[in-house]
Amino acid sequence: MSAALAVDPQLMEDKSMSSNLEKIQRGLAARKRDSTFVPIISHQAFSQRHGDAMKAFARAQEEVGRVQSRLDAEFRQIDEDHDRLTIAETRDNGIVVRVGPEERKAFKSRFDRIKADRRKKVTKDALAQIETTRADLKAAVQEANESSLTDPHVMATRYALAEPKVAQHLAALAHFGGASLQTAAREAVSGDGNKALGAAVILANDSKKSADRPFNSAELGSVVFKEELDGATRQIHELEDAVSRLNGLENELRGGSGSLEKVKRGLNPVELEPADAE
């Protein structure tokens, strides 16, 4: 710990602050025992979860592309067969046969049913894959939200539970008042930053009464843990976007025109990150 955080009686601006260490440590100990507090998923685990879900999304996109190409080919053949049967005139043994409006309508209805039947059979597996992948993407987003991966306060507490150095910093911060705590906060974000010190400062600041807190803990946390918080936010948005794109692909498979151009926006390649990107 730096000299700026050495325990100095002259820095004790509030005698009641000497009890903060014991109070914070009791709280951390209680949280360690409370299984309901432990995040469902850590940032590192969520990064892996995100990567796996996005790979499944990419596979679903590829399958949709294959199915759309197959439908395009089959529907072109069906349309050619339809056109051959509904031209204005045909000759049979020298006799001109004309196809009237009612016959054209009947032919169209028949070939529309053929297309609908083929669409249902050809897209069955792809639609099932979309449903499974979408459910997994939504579950990943829910896990991230329930784990509060974008909450600076939770991030600070999570870090304190895992990093023993936080307790060492708290031993000094327990004697700090508002002005000294601000100095510690500036040190936590200077240079390359000090996450253990930052987490301790946030916990010490939160232990004060609201009116006595010298700064906003969430703002400090958003700087100290910027990489983790921004990464989780971006990954959540990517998962939500993937869900939206799957919805569009499903709509096209169920009733679109069969043109691959109709779904090309939903079939854009997905850039996947390494699982240990954090």
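**View 1. The aromatic pair of the predicted model, formed by Tyr159 and Phe225.** A search of the whole structure, which is a predicted model, finds one aromatic pair. The ring centres of Tyr159 and Phe225 lie 5.6 Å apart with their planes at 50°, so the pair is classed as tilted, given that planes under 30 degrees apart would count as stacked and those over 60 as edge-to-face. Tyr159 belongs to helix α4 (residues 152-162), whereas Phe225 sits in the loop between α8 and α9, and the pair therefore ties together parts that are 66 residues apart in sequence. With a relative accessible area of 23%, Tyr159 is partly exposed, while Phe225, at 0% relative accessibility, counts as buried.

**View 2. The largest nonpolar core and the helices that supply it.** This core has 29 residues, and those with the most contacts inside it are Phe46, Leu137, Leu239, Leu246 and Leu253. Helices α2 (43-85), α3 (101-146) and α9 (226-255) each supply at least two of its residues, and the largest share, ten residues, comes from α2. A second, separate core of 24 residues includes Ala156, Leu170, Phe176 and Phe225, the last of these being the buried member of the aromatic pair in View 1.

**View 3. The surroundings of Leu253.** When neighbours within four places in sequence are left aside, Leu253 is in contact with Val64, Val67 and Gln68, and also with Arg119, Thr123, Ala126, Leu127 and Ile130. Leu253 is also among the residues with the most contacts inside the largest nonpolar core.

**View 4. His50 and its polar contact with Glu238.** His50 is found in helix α2 and is buried, with a relative accessible area of 4%, which falls under the 20% limit for that class. The side chain of His50 makes a polar contact with the side chain of Glu238 at 2.6 Å. Apart from neighbours within four places in sequence, the residues in contact with His50 are Gln235, Glu238 and Leu239, and Leu239 is itself one of the residues with the most contacts inside the largest nonpolar core.

**View 5. Asp212 in the loop between α7 and α8.** The loop that holds Asp212 runs between α7 (195-206) and α8 (217-224), and Asp212 is partly exposed there, with a relative accessible area of 47%. Although Asp212 and Gly177 are 35 residues apart in sequence, their C-alpha atoms are 9.3 Å apart in space.

**View 6. Arg110 over the ring of Phe111.** Arg110 lies over the face of Phe111, at 5.8 Å from the ring centre, a distance within the 6 Å limit used for a charge over a ring.

How values were computed. Residues numbered from 1 in each chain as written. Predicted model: local features only at pLDDT ≥ 70, side-chain atom pairs only at ≥ 80, totals over all residues. Heavy atoms only, no water. Core = buried A, V, L, I, M, F, W, Y, C linked by side-chain atoms within 4.5 Å. Buried < 20%, exposed > 50% of the residue type's maximum accessible area, 1.4 Å probe, protein only. Helix = DSSP H or I, 4+ residues; strand = E, 2+ residues; numbered from the N terminus. Contact = heavy atoms within 4.5 Å. Polar contact = N/O pair within 3.5 Å; in protein donor to acceptor, adjacent residues only side chain to side chain. Phe/Tyr/Trp six-rings, centres within 6.5 Å; stacked < 30°, edge-to-face > 60°. Lys NZ or Arg CZ within 6 Å of the ring centre and 35° of its normal.
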